[in-house]
Amino acid sequence: MAARLRRRAGAAGSPVAVKAAAYEFVVAVIMAMVAGEGMTEEQVRRLKEMTEAGFAAAGAANRQDFLAAALRVMDFGRTAKRLAGIATARHQFGQSLVDDYRRRHRHPRGGSEMEMMPRTVIGDLLRQQQEGSPEPIDDVVIRTVCLSLLQAGTDTSSSTIEWAMALLLKNPDVLKKATSEIHTIVGTSHLIKESDLTALPYLRCIITETLRLKPLTPNHVPHEASRDCMIAGYTVARGTMVLVDVYSMQRDPNMWEDPEKFMPERFMDVNVEGDGRFMMPFGMGRRKCPGEGLALRTVGMALGVMIQCFEWECVGEEVNLSEGSGLTMPMAVPLVALCKPRAETESLLKTLW
């Protein structure tokens, strides 16, 4: 990612689409875990289009939900056909990942047996498929797990990186403080590593504050009340759909000082979960997002490298922080920022392929 940014920016600096750069990085990281190798540009393009189409369909109102069952078969607005097309494309893409992996690791003697496979998601699941697990693992399970990791992790993580950079450009003092922390603790002779993240508390606070102000799932995945209950003084009947308004909770003026202000310092030396304030961008309880740890590390690595190696400035008068629509909360105007390699890391960047 750092090498690509350097080539795009050049020595004098050039405007860069932040989310596009972040998306390439996140896809590469998750694909290394899923299949042990990266994607082609065509595969990245297909995944991005498929993910965006899926999120748009999931977050849009569906007129068929308000029709009687007998009328739904008429498929007004061709909603059912569109969703079926998205599902077919998703299945074909996921199966292609599994089939490509089988071909690469086919045993040299042929047959159905495969040679020793590296520790990847697909490799481990195929190994269990061959050995026979207590619960059958067919290709449907394998491709669904892979697509869940790729689709749920790529767009959300890259959007969080984009929001974080936009907020930093809007608050240059915070960006300067983050740069100082990274250069003091990590230095400029080598790229930041995952093991460095625990020693960078201010960078962690920036990510947490970004998730507070701009949660990528402002309304959590719908839940259903399993029994009659009371929520905030309202009687909720069993079977009722419940949407958790995380966006408002994390901006509640009764809980947060200056809730509309980007202030990472609020999380320094604070146990958010234990002081009565609600921070739940990944949900909570048994249904909490299992990808939280991966997301925080991926965002931390990308943002850390961007800050460590490059200077960033606004293109135009100021950054537009308007929020777009959709199941996740993208920026209404994608962030394009002026990216310029730092003089103190130029020698480091030249060593990258």
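**Exercise 1. Locate the annotated transmembrane span and describe its backbone.**

Solution. The unreviewed UniProt entry lists residues 20-40 as "transmembrane region"; UniProt positions follow the numbering used here, feature names are shortened, and such annotations may be inferred rather than shown by experiment. This is a predicted model, in which local features need pLDDT of at least 70 and side-chain atom pairs count only at pLDDT 80 or more, while totals for chains, interfaces and linings use all residues. Residues are numbered from 1 along each chain as its sequence is written, and side-chain values use heavy atoms, with hydrogens and water left out. In the model, the span 20-40 is 71% helix and 0% strand, and its end C-alpha atoms lie 15 Å apart. Helices (H or I, at least four residues) and strands (E, at least two) are DSSP runs, numbered from the N terminus.

**Exercise 2. Work out the order of the open sheet S1-S7-S6 and find what packs on it.**

Solution. Begin with the pairing, where two strands count as paired if DSSP finds at least two bridges between them. Three strands form the open sheet, and their pairing is antiparallel. Strand S1 (14-17) and strand S6 (310-314) each have a single partner strand and stand at the edges, so one side of each is left without a neighbour in the sheet. From one strand to the next, the twist averages 45°, with angles running from 0 to 180 degrees between N-to-C directions and axes being lines fitted to C-alpha atoms, for helices over the stretch in contact.

Next, take the pair formed by S1 and strand S7 (residues 336-341), which is antiparallel over four bridges. Serine 14 has cysteine 339 in S7 as its bridge partner. Finally, helix H2 (residues 18-34) packs on the sheet and touches S1, S6 and S7, its direction making about 55° with that of S1; contact here means heavy atoms within 4.5 Å.

**Exercise 3. Describe the contact of helix H8 with helix H9.**

Solution. The axes of H8 (residues 172-185) and H9 (residues 201-213) come within 8 Å and cross at roughly 145°. On the H8 side the contact residues are Val174, Lys177, Ala178 and Glu181, and they meet Pro201, Tyr202, Leu203 and Ile206 in H9. These residues divide into six nonpolar, no polar and two charged, where Ala, Val, Leu, Ile, Met, Phe, Trp, Tyr, Cys and Pro count as nonpolar, Asp, Glu, Lys and Arg as charged, and the others, Gly among them, as polar. As background for reading the H8 positions, an α-helix has 3.6 residues a turn, so residues three or four places apart point the same way.

**Exercise 4. Account for cysteine 146 and cysteine 314 in terms of disulfides and exposure.**

Solution. The structure holds zero disulfides, a disulfide being a pair of cysteine sulfur atoms within 2.5 Å. For cysteine 146, the closest cysteine sulfur is in cysteine 289, and because the separation is 16 Å, it is too far for a bond. For cysteine 314, the nearest cysteine sulfur, that of cysteine 339, is 13 Å away.

Exposure is read from relative accessible area, with buried meaning under 20%, exposed over 50%, and partly exposed in between (1.4 Å probe, protein chains only). Cysteine 146, at 0%, is buried, whereas cysteine 314, at 29%, is partly exposed. Cysteine 289, which the unreviewed UniProt entry lists as "binding site", is in the loop between H10 and H11 and is partly exposed at 35%.

**Exercise 5. Place glutamate 37 and the buried residues of helix H6 in their surroundings.**

Solution. Glutamate 37 lies in the loop between H2 and helix H3 (41-59), and at 37% relative accessibility it is partly exposed. Leaving aside residues up to four places away in sequence, glutamate 37 touches Met31, Ala32 and Arg104. Its C-alpha atom is separated by 9.7 Å from that of tyrosine 101, although the two residues are 64 residues apart along the chain.

In H6 (residues 121-131), the buried residues include Ile122, Asp124 and Arg127. The buried residues of H6 pack against H2, helix H5 (79-104) and helix H7 (139-170). Just after H6, glycine 132 takes a positive phi of about 85°.
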